[in-house]
Structures are given as structure tokens and as C-alpha cells.
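User: I'd like to learn how to read a model like this one, step by step. Could you walk me through it?

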Amino acid sequence: MLKKKNDYSVIVYFGEGTFPKKWTYVNKLNGFKMFLEKEHPTWKYMNVYNRRTRAYMRRFHRDSFIPPFIQE
């Protein structure tokens, strides 16, 4: 079985007039949320994708609970 490491690609959307940003190698989603809170405090929501298959998994808003991993 493969380890859960860098399983996600994430596209983060910000306020009006700002282009979204993409991160390709994301390990834990809750740690990534803490990074966003510190470095990009204006983020609104993020779409999470499976990095290997590029399949859409889930959308998380800024004020929602974000687990470390998404159960498939």
C-alpha cells in the first residue's frame, strides 16, 4: 500500500480581482489550511483534487472544518 504523501493538488480562490493559485504537492489538508491562514489570509475556498488521477474530490470553505485526509 502506498503511503499518504503528497496525495492532493489544491486550487485556492481569493477575493475579487485576484487569480486563483495552484499547489501541486499537498500532504495534509489541515496543515495546508494553517499555511493559507498565515501566508494568504484573504483566501475564500479551495478545491481539492487527487494529484495522481486529477479527479475532483471536495471543496472546502475558509470557515469549515478541514480534516488531514479525505476518506475515499
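Analyst: Happy to; we will take the sheet, then the aromatic rings. Keep in mind that this is a predicted model.

User: Let's begin with the sheet. In what order do the strands lie, and how do they pair?

Analyst: To read a sheet, follow the pairing from one strand to its neighbour. Here that gives an open sheet of 4 strands in the order β2-β1-β3-β4, with antiparallel pairing. The edges are β2 (21–26) and β4 (56–61), each of which pairs on one side only. Direction ignored, neighbouring strands of this sheet are turned by 20° against each other on average.

User: Over how many bridges do β3 and β4 pair?

Analyst: Strand β3, residues 45–50, pairs with β4 over 5 bridges in the antiparallel sense. As a landmark, look for M46, which stands opposite F60 in β4.

User: And what joins β3 to β4?

Analyst: The two strands form a hairpin with 5 residues between them. In the turn, look at R54, whose phi is positive, about 65°.

User: Now the rings. How many aromatic pairs does a search of the whole structure find?

Analyst: The search finds 5 aromatic pairs. For any pair, read the distance between centres and then the angle between planes; planes under 30 degrees apart count as stacked, over 60 as edge-to-face. The rings of Y13 and Y45 have centres 4.8 Å apart and planes at 20°, so this pair is stacked.

User: Which parts does the pair of Y13 and Y45 tie together?

Analyst: Y13 lies in strand β1 (residues 8–13) and Y45 in strand β3, so the pair ties together parts 32 residues apart in sequence.

User: Are Y13 and Y45 buried or exposed?

Analyst: The class in between applies here, and buried would mean under 20% relative accessible area. Y13 has 23% relative accessibility and counts as partly exposed; Y45, at 22%, also counts as partly exposed.

User: What kind of pair do W23 and F35 form?

Analyst: Theirs is edge-to-face, with 5.9 Å from centre to centre and 80° between the planes. W23 lies in strand β2 and F35 in helix α1 (residues 29–39), so this pair ties together parts that are 12 residues apart in sequence. W23 is partly exposed at 21% relative accessible area, and F35 counts as partly exposed at 32% relative accessibility.

User: Which residues do ring pairs link into a cluster with W23?

Analyst: Look for F32 and F35: ring pairs link W23, F32 and F35 into a cluster.

Methods:
Residues numbered from 1 in each chain as written. Predicted model: local features only at pLDDT ≥ 70, side-chain atom pairs only at ≥ 80, totals over all residues. Heavy atoms only, no water. Pairing = 2+ DSSP bridges. Axes fitted to C-alpha atoms, helices over the stretch in contact; angles between N-to-C directions. Phe/Tyr/Trp six-rings, centres within 6.5 Å; stacked < 30°, edge-to-face > 60°. Buried < 20%, exposed > 50% of the residue type's maximum accessible area, 1.4 Å probe, protein only.
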